[in-house]
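Biologist: I'd like a close look at the largest pocket, please. Start there, and then tell me how the surroundings are put together.

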Amino acid sequence: MSDPIPAEPMLISEDLHRVYRLQGTEVNALRGVSLSLQPAEFLAITGPSGSGKSTLLHLLGGVDIPTRGRVRLAGQDLGSLTETQRARFRLETVGLVFQRFHLLPMLSAAENVELPMAEAGAGRGERRDRARLLLERVSLSDRRNHKPGQLSGGQRQRVAIARALANRPRLLLADEPTGELDRSTSEEILDLFQSLNAEGTTIVVATHDLALAEGANRQVAIVDGQLRGPGSGGR
């Protein structure tokens with residue numbers, strides 16, 4: 001009997017460089033980052049402020065494009081897409097969670113969760129049903145009609161995670177998701193990520209939070225735009 005064919009990596013980055021121009025000066029935010037991520041992995045990217053964590057996360061999700069190098073996500077070379085195509089691919093394939101939540105204050109929790117589905121063209125009934133299920137999933141059924149200003153920081157972050165899951169993304173990216181939360185609430189967010197990962201969601205977090213990083217399957221550190229230490233090579 002032949003050996004099973006290995007699964008194709010969910011994500012591959014090859015020799016990523018990102019150079020910004022700031023007041024006439026070149027800033028090398030990333031310097032040759034190569035990384036491979038398998039389906040259903042939970043990866044934590046750690047490192048000091050300004051080390052390149054957020055830049056790397058944005059490149060992996062197609063939010064930004066590298067100055068040099070390549071990102072292949074779910075079999076798609078992101079560099080081959082136009083900006084419009086990349087935005088559509090990101091909408092359908094990537095869920096994004098931010099430190100400051102980025103919820104629309106005039107909308108309810110349920111309406112915020114529905115937004116990505118509306119952008120993807122889902123019907124009203126489908127959006128409402130999916131938002132209800134996702135808010136149940138993050139234990140916020142009783143807050144579905146509350147606006148962000150009526151929610152705690154942890155509740156807002158859980159709404160943001162539900163929104164990121166709205167279009168059933170193959171990859172969930174979270175940038176400092178516990179950075180503004182207390183320790184107890186941060187532990188709740190880690191529990192939620194671990195549960196989602198156990199169900200098959202591939203997750204990458206950029207974080208200063210050592211407890212969150214230690215809860216991932218694998219960690220890599222980034223310093224001065226380069227990966228360092230164990231786990232930084234491809235798999």
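Modeller: The largest pocket holds about 420 Å³ of space. Please keep in mind that this is a predicted model, in which local features need pLDDT of at least 70 and side-chain atom pairs count only at pLDDT 80 or more, while totals for chains, interfaces and linings use all residues. Residues are numbered from 1 along each chain as its sequence is written, and side-chain values use heavy atoms, with hydrogens and water left out.

A word on terms before we look inside. The search runs on a 1 Å grid over the protein atoms alone: a pocket is an open set of points with protein on both sides within 12 Å along at least five of seven lines, a cavity is a set where a 1.4 Å probe fits but cannot get out, and lining residues have an atom within 4 Å of a point. Points are joined across faces, edges and corners, and the volume is the space filled by probe spheres set on them.

Nineteen is the number to remember for the wall: 19 residues line the largest pocket, and nearest its centre are Leu-91, Leu-96, Pro-116, Glu-119 and Arg-163. Two or more lining residues come from each of helix 2 (83-93), strand 6 (94-98), helix 3 (109-120) and helix 5 (153-164). Helices (H or I, at least four residues) and strands (E, at least two) are DSSP runs numbered from the N terminus. By character, the lining of the largest pocket has 11 nonpolar, four polar and four charged residues. Here Ala, Val, Leu, Ile, Met, Phe, Trp, Tyr, Cys and Pro are nonpolar, Asp, Glu, Lys and Arg are charged, and the others, Gly among them, are polar.

Strand 6 gives residues to the pocket lining and also to the lining of the largest cavity, where helix 1 (53-60) and strand 7 (171-175) each supply at least two as well. The count comes to one cavity of 30 Å³ or more, and the largest cavity has about 40 Å³ of space. Its lining is made of Leu-57, His-58, Leu-96, Val-97, Phe-98, Leu-173, Ala-174 and Asp-175. That makes six nonpolar residues, one polar and one charged. Leu-96 therefore appears in both linings.

Now to the strands at the start of the chain. Strand 1 (residues 11-22) pairs with strand 2 (residues 25-37) in the antiparallel sense over 10 bridges; strands pair if DSSP finds at least two bridges between them. Arg-21 has Glu-26 of strand 2 as its bridge partner. The two strands form a hairpin with two residues between them, and Gln-23 in that turn has a positive phi of about 50°.

Strand 1 also takes part in charge pairing. The structure has 15 salt bridges, each being a side-chain nitrogen of Lys or Arg within 4 Å of a carboxyl oxygen of Asp or Glu. One of them joins Arg-70 to Glu-14, with the closest N and O atoms 3.1 Å apart. This pair links distant parts of the chain, since Arg-70 sits in strand 4 (residues 68-73) and Glu-14 in strand 1, 56 residues apart. Arg-70 is partly exposed at 32% relative accessibility, and Glu-14 is partly exposed at 35%; buried means under 20% relative accessible area, exposed over 50%, and partly exposed in between (1.4 Å probe, protein chains only).

Another salt bridge runs from Arg-68 to Asp-15, whose closest N and O atoms are 4.0 Å apart. Arg-68 is in strand 4 and Asp-15 in strand 1, so this pair ties together parts 53 residues apart in sequence. Arg-68 is partly exposed at 47%, as is Asp-15 at 36%. Elsewhere, Arg-143 pairs with Asp-142 at 3.0 Å between the closest N and O atoms; Arg-143 is partly exposed at 27%, whereas Asp-142 is exposed at 53%. Shared partners also join Glu-14, Arg-70 and Asp-77 into one salt-bridge network.

Stepping back, the protein has seven helices and 10 strands, and 48% of its 235 residues count as buried. One buried residue is Thr-46, at 14% relative accessibility, in strand 3 (residues 42-46). Thr-46 lies 6.0 Å from Ala-206, C-alpha to C-alpha, although 160 residues separate them in sequence.
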